[in-house]
Amino acid sequence: MTDYRRLRVALLGAGAVGSQVASLLLKHGDELADRAGARLELAGIAVRNPDAPRDVELPRELYTTDPEALITSADIVIELMGGIEPARSHILLGLGSGADVVTANKALLATHGPEVFEAADRVGASVYYEAAAAGAIPIIRPLRDSLAGDRVVRIMGIVNGTTNYILDRMDSEGADFADVLADAQRLGYAEADPTADVEGYDAAQKAAILASLAFHTAVPLDAVHREGITTITADMIEEAREAGFVIKLLAVCERLTTEDGESISVRVYPALVPRSHPLASVHGANNAVFVEAEAAGSLMFYGAGAGGMQTASAVLGDVVSAARRHMAGGTGVGESTRANLPIVSIGHVVTRYQITLEVADQPGVLASIAGLLSEGGVSVATLVQTAIPAVEGEQRSTARLIIGTHRAADSALSAAVERLTASDVVEHVVSVLRVEGE
Ligand code: NAP
């Protein structure tokens, strides 16, 4: 057995991910030493309660409730506690005392990323976070390293497994959102409080992280436009299917080029994706990230976006990278944010839309609706009209219109929808969905 130098590894957290990381570090110690060129010695595991039952049985003497002592004596700190505090302070302490840091903490990086990266830069250390977006899927390193010589144009990601599971079941079973959500909670695919997933907060954090890397620009979380999936109904899914689309919650990070120069847009919303697009075949709780780059063309990264063991794979890859860097010496490679592109609001985004309306079924209605849309520069590309059977005793009959528009700016579309809502001929604006991936 080669006599490798020992690197002290501090693990913060032994939950779903941390317990698997600890177990794999202990189980595959020799192999990891050969790959890293250093023996990764698990010096201790900081938890709140050393006696809590764990997914994996680990030596009792490794647990500690004194994270500071563990961190300041470590070469590599793995933060798997989650949340902002004390994770942030622990990471800063680790960097300040010369350790490299590995974390899966998307909430922290999306809100305090610049502070953490600056702290690493000051001391020449590195922060690794492959597991912070799309779990086991290698996407951070491809964006940071493999595509560093290219120019990313667009990323479309299914980065939240819970919402993909819900939408996929609604699509395959024709079920309602509330029923599938309740089932997902029972099966452990959704949390008791599903807000972070179904309202798009989790996806927005990942979008901020991916966009920052792809466009070499620090993207704050509040610059990410966010809409969730709670308004998606079985009818909307069925209409999408009839028009050749599937509804997916997408994180879209896009480079926009106008005569004023380049800017970026980062947004999360449920969108219509053509059934022929690779993202349409991402089923269940899986994740996928579709990247379009100027030279590389289209690339798709697919796999498990969560799960303790799966996520541990990404964390351990980072630990090996950190160990190699430690052995090679020199300063870490900081985050590249020098492009500093302006981030535009949703109003500047240009896409196609599908608008579903209930309207009075009478002569001239179509012309008035086309007129209301075109006032702001939105033009009709496709139109499907179906009569809604009249309710007994009611004078007025109603029709349902599904309008596909040509490409238009989001601000123009919103204004057009306001005009439609206020119009006498429109009884109800049923839904407005954007089309992505055509
Ligand atoms: P988890 O199951 O809730 O585990 C958290 C662990 O951190 C527990 O062991 C807990 O200790 C410990 N901890 C929390 N606060 C602490 C404190 N103040 N002091 C000491 N220890 C503390 O979390 P997880 O699912 O493993 O997630 C860890 C991180 O990975 C999060 O940032 C998460 O977003 C990210 N992530 C998770 C997944 C996934 O599939 N789970 C996927 C991708 C990324 P006790 O056990 O004693 O309470």
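1. How far does a polar side-chain atom of K106 lie from an oxygen atom of the ligand? In this predicted model, the distance from that polar side-chain atom of K106 to the ligand oxygen is 3.3 Å.

2. Backbone atoms also face the ligand's oxygen atoms, and two such pairs can be looked up in the structure above: a backbone N or O atom of R48 lies 3.0 Å from an oxygen atom of the ligand, while a polar backbone atom of G307 is 2.8 Å from a ligand oxygen. The protein covers 76% of the 900 Å² of accessible area that the ligand has on its own.

3. The surroundings of the ligand comprise 21 residues, of which A14, V17, N49, R54 and G307 come nearest. Sorted by class, this shell holds eleven nonpolar residues, together with seven polar and three charged ones.

4. Turning to the helices, it helps to know that two packed helices are described by the angle between their axes and the distance between the axes. Helix 1, made of residues 18-27, packs against helix 12, made of residues 308-328, at an angle of about 60° and with the axes 8 Å apart. These two helices, helix 1 and helix 12, are therefore oblique to each other, and helix 1 passes helix 12 in a right-handed crossing.

5. A second pair is formed by helix 4 (residues 87-96) and helix 5 (residues 106-123), whose axes are 9 Å apart and meet at an angle of about 15°. Because angles under 35 degrees count as roughly parallel, helix 4 and helix 5 are described as roughly parallel to each other, and the crossing in which helix 4 passes helix 5 is right-handed.

Definitions and conventions
Residues are numbered from 1 along each chain as its sequence is written. This is a predicted model: local features need pLDDT of at least 70, side-chain atom pairs count only at pLDDT 80 or more; totals for chains, interfaces and linings use all residues. Side-chain values use heavy atoms; hydrogens and water are left out. A residue is near a molecule or strand if one of its heavy atoms lies within 4 Å of it. A polar contact is a pair of N or O atoms within 3.5 Å; within protein, one must be able to donate a hydrogen and the other to accept it, and residues adjacent in sequence count only if both atoms are side-chain atoms. Accessible areas come from the Shrake-Rupley method with a 1.4 Å probe; for residues, only the protein chains shown count as cover. Ala, Val, Leu, Ile, Met, Phe, Trp, Tyr, Cys and Pro count as nonpolar, Asp, Glu, Lys and Arg as charged, and the others, Gly among them, as polar. Axes are lines fitted to C-alpha atoms, for helices over the stretch in contact, and angles run from 0 to 180 degrees between N-to-C directions. Helices (H or I, at least four residues) and strands (E, at least two) are DSSP runs, numbered from the N terminus. Angles under 35 degrees count as roughly parallel, over 145 as roughly antiparallel, 65 to 115 as roughly perpendicular and the rest as oblique. A crossing is left-handed if the near helix is turned anticlockwise from the far one by less than a right angle, and right-handed if clockwise.
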